[in-house]
Amino acid sequence: MATITATGQEKFQFGFTPLLEGFTYVPLMIYRLWKQESPINLWYNVEPIQGEGGVNIPDTQYLARMREICDRHGFC
């Protein structure tokens, strides 16, 4: 259920409700990631190059900033 919920795409989630609560979907933009930063986040899941619906590649600093946020909060 976590995998289906994490996809964030309704076409894959259809028929699997109720989905798990507590997932927040953040676009591949650094300012949006910072806005969602919180020590209560348990997990960040990132798809570095998104292929569904076109090729979406994050800003060159996105993954580095994500690592900094994880390090600051003691995430692995």
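Arginine 67 and aspartate 71 both belong to helix H4, where four residues, or about one turn of the helix, separate them. In this predicted model, arginine 67 forms a salt bridge with aspartate 71, and their closest N and O atoms lie 2.9 Å apart. Neither partner is hidden: arginine 67 is partly exposed at 37% relative accessibility, and aspartate 71 is partly exposed at 48%.

The structure holds two salt bridges, and helix H4, which spans residues 62-72, also contains arginine 65 and glutamate 68. Arginine 65 forms a salt bridge with glutamate 68, with the closest N and O atoms 2.9 Å apart. Because these two residues are three positions apart in helix H4, about one helical turn separates them. The relative accessible area is 25% for arginine 65, which is partly exposed, and 38% for glutamate 68, which likewise counts as partly exposed.

The two pairs are set out below.

| Salt bridge | Closest N and O atoms |
|---|---|
| Arginine 65 and glutamate 68 | 2.9 Å |
| Arginine 67 and aspartate 71 | 2.9 Å |

**Threonine 5 and its surroundings**

Threonine 5 is found in helix H1, which covers residues 2-7. With a relative accessible area of 2%, threonine 5 falls under the 20% cut-off and is therefore buried. Leaving aside residues up to four places away in sequence, threonine 5 touches Gln13, Leu19, Leu20, Phe23 and Tyr25. One of these neighbours, leucine 20, also takes part in a polar contact, in which the side chain of threonine 5 reaches the backbone nitrogen of leucine 20 at 3.2 Å.

**The loop between H2 and H3**

Leucine 20 is found in the loop that runs between helix H2 (10-13) and helix H3 (30-36). Its relative accessible area is 43%, and because this value lies between the 20% and 50% cut-offs, leucine 20 counts as partly exposed. Together with Met1 and Phe16, Leu20 forms a nonpolar patch on the surface, and the three residues have about 280 Å² of accessible area together. Leucine 20 thus combines a place in this surface patch with a backbone nitrogen that is reached by the side chain of threonine 5.

Proline 18 has its place in the loop between H2 and H3 as well. The peptide bond that leads from threonine 17 to proline 18 is cis, with omega near 0°.

**The chain as a whole**

The chain has four helices and zero strands, so that, by the way such elements are assigned, reading along the sequence gives the pattern α-α-α-α. Of its 76 residues, 17% count as buried, and threonine 5 is buried. The chain exposes about 5900 Å², of which carbon and sulfur atoms supply 57%. Among the contacts in the chain with a separation of 6 or more, 38% are accounted for by residues 24 or more positions apart.

**Confidence in the prediction**

How confident is the predictor, in terms of the mean pLDDT of the chain? The mean pLDDT is 78, and 75% of the residues reach 70 or more. Within the chain, confidence is highest in H2, at a mean of 89, and lowest in H3, at 64. The loop that holds leucine 20 therefore runs between the helix with the highest confidence and the helix with the lowest.

Technical notes
Residues are numbered from 1 along each chain as its sequence is written. This is a predicted model: local features need pLDDT of at least 70, side-chain atom pairs count only at pLDDT 80 or more; totals for chains, interfaces and linings use all residues. Side-chain values use heavy atoms; hydrogens and water are left out. Patches are made of residues with over 30% relative accessible area and no salt bridge: like charges are joined within 9 Å, nonpolar side chains (Val, Leu, Ile, Met, Phe, Trp, Tyr) within 5 Å. Accessible areas come from the Shrake-Rupley method with a 1.4 Å probe; for residues, only the protein chains shown count as cover. A salt bridge is a side-chain nitrogen of Lys or Arg within 4 Å of a carboxyl oxygen of Asp or Glu. Buried means under 20% relative accessible area, exposed over 50%, partly exposed in between (1.4 Å probe, protein chains only). Contact means heavy atoms within 4.5 Å. pLDDT is the predictor's confidence in each residue, from 0 to 100. A polar contact is a pair of N or O atoms within 3.5 Å; within protein, one must be able to donate a hydrogen and the other to accept it, and residues adjacent in sequence count only if both atoms are side-chain atoms.
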